[in-house]
Amino acid sequence: MRVLLLGADGFLGRHVAERLLADPAVQLTALGRSDDADVRFDLASGAPGALARFLDAVHPGVVVNCAGATRGGARDLTRHNTVAVATVCEAMRRSSTGARLVQVGCAAEYGPSPVGASTAEDAVPRPGGPYGVSKLAASELVLGSGLDAVVLRVFSPVGPGTPTSSPLGRVAEALRRAMQSGDGELKLGGLAVQRDFIDVRDVSRAVHAASLSAAQGLVNIGSGRAVRMRDMAAGLAHVAGYDGTLHELDEPQVASGPPPYPDGCGIWQQADVRTARDRLGWRPRIGLEESLADVWMEAACRV
């Protein structure tokens, strides 16, 4: 099976590439903006016709799109998350390959959920910020494209390579600095939120399964269990061996800076993952303890 992977240099894309390369039946080609890509191409500015000609030359059976942006203003998010996906869909329609498209979406497309509720794929999306809006627009483009396509709505991925710009990555970096300086108190904001955390390696398994399946439409990828960010921070501190005090800042104290959990999803998110189980044969395997240990291992090695 020939697979064309878009966005192989990102947090999710690197793990998806590793998973696909481990399958001896897969021939992988990576397309992206970095020098490490097999082929350099900017989806946000490139022409659909040029991408279609490349598809016809490579003739993949599956296109996996992990490309996109998580930070920036509305204009940049729209270019990299929505316009880029419009380019992919148009190129695939023009191409003669008939390839399947696996689009990696995100739970920010749903927006806030009622506390205690599990969000299923039929929930009405109400994204709470530009990032979620840009990703929702991309998902709608894919679902309305007429292609053989599936959108995986990934909830809160963690694990090896967790970006320092993410909420958990910021906690890990703050812990590292506190331990280096011998600070016995660590002040953190945004710990009251509850999110459905899922290991990035389990996400890569879901992408692999979706590539091989005939499933179409939306599929949630999460653990099915919401966890307080406060407990995640405490777990990370335990793994790190930090014996200081975690002090939770009141929201007004951090109001002047960036939102402590800026995904626009309010206080609670939890995935209903029955569709992934039934249609992909997928279940999460990696526990949060292992995920947190791997997050800390990388943070501790950072200079």
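This is a short exchange on one cavity and one helix pair in a predicted model.

Colleague: What makes the space lined by Leu4, Leu6, Leu51, Leu55, Val63, Val88, Ala91 and Met92 a cavity?

Modeller: A cavity is a set of grid points where a 1.4 Å probe fits but cannot get out. The count comes to one cavity of 30 Å³ or more, and the largest cavity holds about 30 Å³ of space.

Colleague: Which elements supply at least two residues each to the lining of the largest cavity?

Modeller: They are β1 (2-6), α2 (48-58) and α3 (74-94). The largest share, three residues, comes from α3.

Colleague: How many residues of each class does the lining of the largest cavity have?

Modeller: The lining has eight nonpolar, no polar and no charged residues. Leu, Val, Ala and Met count as nonpolar, and the lining residues are Leu4, Leu6, Leu51, Leu55, Val63, Val88, Ala91 and Met92.

Colleague: Why are helices α1 and α6 called oblique to each other?

Modeller: The axes of α1 (residues 11-21) and α6 (residues 200-212) cross at roughly 60° and come within 8 Å. Angles under 35 degrees count as roughly parallel, and 65 to 115 as roughly perpendicular. The angle of roughly 60° fits neither range, and α1 and α6 are therefore oblique.

Colleague: What is the handedness of the crossing, and which residues of α1 and α6 make the contact?

Modeller: α1 passes α6 in a right-handed crossing. On α1 the contact is made by Phe11, Leu12, His15, Val16, Arg19 and Leu20; on α6, by Val200, Arg201, Val203, Ser204, Arg205, Val207 and His208. By class, this contact has seven nonpolar, three polar and three charged residues.

Notes: Residues are numbered from 1 along each chain as its sequence is written. This is a predicted model: local features need pLDDT of at least 70, side-chain atom pairs count only at pLDDT 80 or more; totals for chains, interfaces and linings use all residues. Side-chain values use heavy atoms; hydrogens and water are left out. On a 1 Å grid over the protein atoms alone, a cavity is a set of points where a 1.4 Å probe fits but cannot get out, and a pocket is an open set with protein on both sides within 12 Å along at least five of seven lines; lining residues have an atom within 4 Å of a point. Grid points are joined across faces, edges and corners, and a volume is the space filled by probe spheres set on the points. Helices (H or I, at least four residues) and strands (E, at least two) are DSSP runs, numbered from the N terminus. Axes are lines fitted to C-alpha atoms, for helices over the stretch in contact, and angles run from 0 to 180 degrees between N-to-C directions. Angles under 35 degrees count as roughly parallel, over 145 as roughly antiparallel, 65 to 115 as roughly perpendicular and the rest as oblique. A crossing is left-handed if the near helix is turned anticlockwise from the far one by less than a right angle, and right-handed if clockwise. Contact means heavy atoms within 4.5 Å.
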